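User: I have just opened this entry and have not seen it before. Could you walk me through it?

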Amino acid sequence: MTFEELLKYSYLLRTAHQDGRTPEFYKGWNYRFSFFNVRPFAGTRTIMFMAETRSITNPRKVSYKLIMQFKEVQFKKITNQEEADEYAKKKDWKYVQIQDLHFYYKLPSLKTDDVMVKCACFDFRFSFEYYNKQYGALVGQPRLYHSKNKLPPRNFKRTPGVCKHLYHFALFLCHPKNRWVDSKITRTIWGL
Ligand SMILES: [Zn+2]
């Protein structure tokens, strides 16, 4: 499942949700990301992007850890200057160093590549973890929980999806200044 598909499900769920938090609710929110970390694994063709972001809604201003992981990523090991020059010119490839070795990787696409995600926030945990796991779109295992109230389930459509932190993380990753991933998400997709 691609990031854009996850986003689409989230959008449909939000617009249908009875808590009144339409996409416009989140308009103009800005999240900052700290401890940003890229973990490329050329051997397994995997790349992980990790960061933390501070909650805007939680009064205790807690931080949430975020992970976005892509598989089947193309890596090119650079062994001479000619290759370095060639790959430096390619717009959809990005340089990364792994230990003492030099690589370029092809930017994973939010539109066409399968993604696995995780956010430590309650919304992601209670709305999406279980369903993302069913669709192969979760990093790790879902955290189990038992509902203590009789409210209707948060994710009554039982769809996979992403929380607002993961959405903003994707905006950060595909921002022209950063370009860690390909395909630009516009803020209008989720009405943000
Ligand atoms: Zn979250």
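The conversation below goes from the overall fold to single residues.

User: What kind of model is this?

Analyst: It is a predicted model.

User: How many helices and strands does the protein chain have?

Analyst: The protein chain has 4 helices and 7 strands. Read from the N terminus, their order is α-β-β-β-β-α-β-β-β-α-α.

User: And how much of the protein chain counts as buried?

Analyst: Of its 192 residues, 27% count as buried. As for contacts between residues at least 6 apart in sequence, 63% of them join residues at least 24 apart.

User: Let us turn to the sheets. What is the strand order in the open sheet of 4 strands?

Analyst: The order is 1-2-3-7, and the pairing is antiparallel. Strand 1 (33-41) and strand 7 are the edge strands, each pairing on one side only. On average, neighbouring strands in this sheet are turned by 10 degrees against each other, direction ignored.

User: How many bridges join strand 3 to strand 7?

Analyst: There are 5 bridges between strand 3 and strand 7, which run antiparallel. Within this pairing, M68 stands opposite V117 in strand 7.

User: Which helix packs on that sheet?

Analyst: Helix 4 packs on it and touches strand 1, strand 2, strand 3 and strand 7. The direction of helix 4 makes about 60 degrees with that of strand 3.

User: Is helix 4 mostly covered or mostly open?

Analyst: Helix 4 is mostly covered, with 10 of its 11 residues buried. Among the buried ones are L166, F169, A170 and L173.

User: Take F169, then. Where is it, and why does it count as buried?

Analyst: F169 sits in helix 4, which spans residues 164-174. It counts as buried because 26 other C-beta atoms lie within 10 Å, and the cut-off for a buried residue is 20 or more.

User: What is F169 in contact with, beyond its neighbours in sequence?

Analyst: Leaving aside residues within four places in sequence, F169 is in contact with F33, A51, L66 and M68. F169 and L66 are 103 residues apart along the chain, yet their C-alpha atoms are separated by 8.0 Å.

User: What about the nonpolar core?

Analyst: The largest nonpolar core has 35 residues, and V117, L166 and A170 have the most contacts inside it. At least two residues each come from helix 1 (3-16), strand 2 (46-54), strand 3 (63-70), strand 6 (101-106), strand 7 (115-119), helix 3 (122-134) and helix 4. The largest share, 7 residues, comes from helix 4. In soluble globular proteins, nonpolar side chains tend to be buried together.

User: Which residues does V117 touch?

Analyst: Not counting residues up to four places away in sequence, V117 touches I67, M68, N132, A137, L138, V139, V162 and L166.

User: Now the other sheet. Which strands stand at the edges, and what does that leave open?

Analyst: The other open sheet consists of 3 strands in the order 4-6-5, with antiparallel pairing. Strand 4 (75-77) and strand 5 stand at its edges with a single partner strand each, so one side of each has no neighbour in the sheet. Neighbouring strands here are turned by 30 degrees against each other on average, direction ignored.

User: How do strand 5 and strand 6 pair?

Analyst: Strand 5 (residues 93-98) pairs with strand 6 in the antiparallel sense over 6 bridges. Y95 has Y104 in strand 6 as its bridge partner. The two strands form a hairpin with 2 residues between them, and Q99 in the turn has a positive phi of about 50 degrees.

User: Which residue in the loop between strand 3 and strand 4 has a positive phi?

Analyst: E72 lies in that loop, and its phi is positive, about 55 degrees, although it is not a glycine. Most residues other than glycine have a negative phi.

User: Is E72 buried or exposed?

Analyst: E72 is exposed, because 10 other C-beta atoms lie within 10 Å and the cut-off for exposed is 12 or fewer.

User: And R179, where is it placed?

Analyst: R179 is in the segment after helix 4. It has a positive phi of about 50 degrees and is not a glycine. With 14 C-beta neighbours inside 10 Å, R179 counts as partly exposed.

Notes. Residues numbered from 1 in each chain as written. Predicted model: local features only at pLDDT ≥ 70, side-chain atom pairs only at ≥ 80, totals over all residues. Contact = placed C-beta atoms within 7 Å. Core = buried A, V, L, I, M, F, W, Y, C linked by C-beta atoms within 7 Å. Pairing = 2+ DSSP bridges. Axes fitted to C-alpha atoms, helices over the stretch in contact; angles between N-to-C directions.
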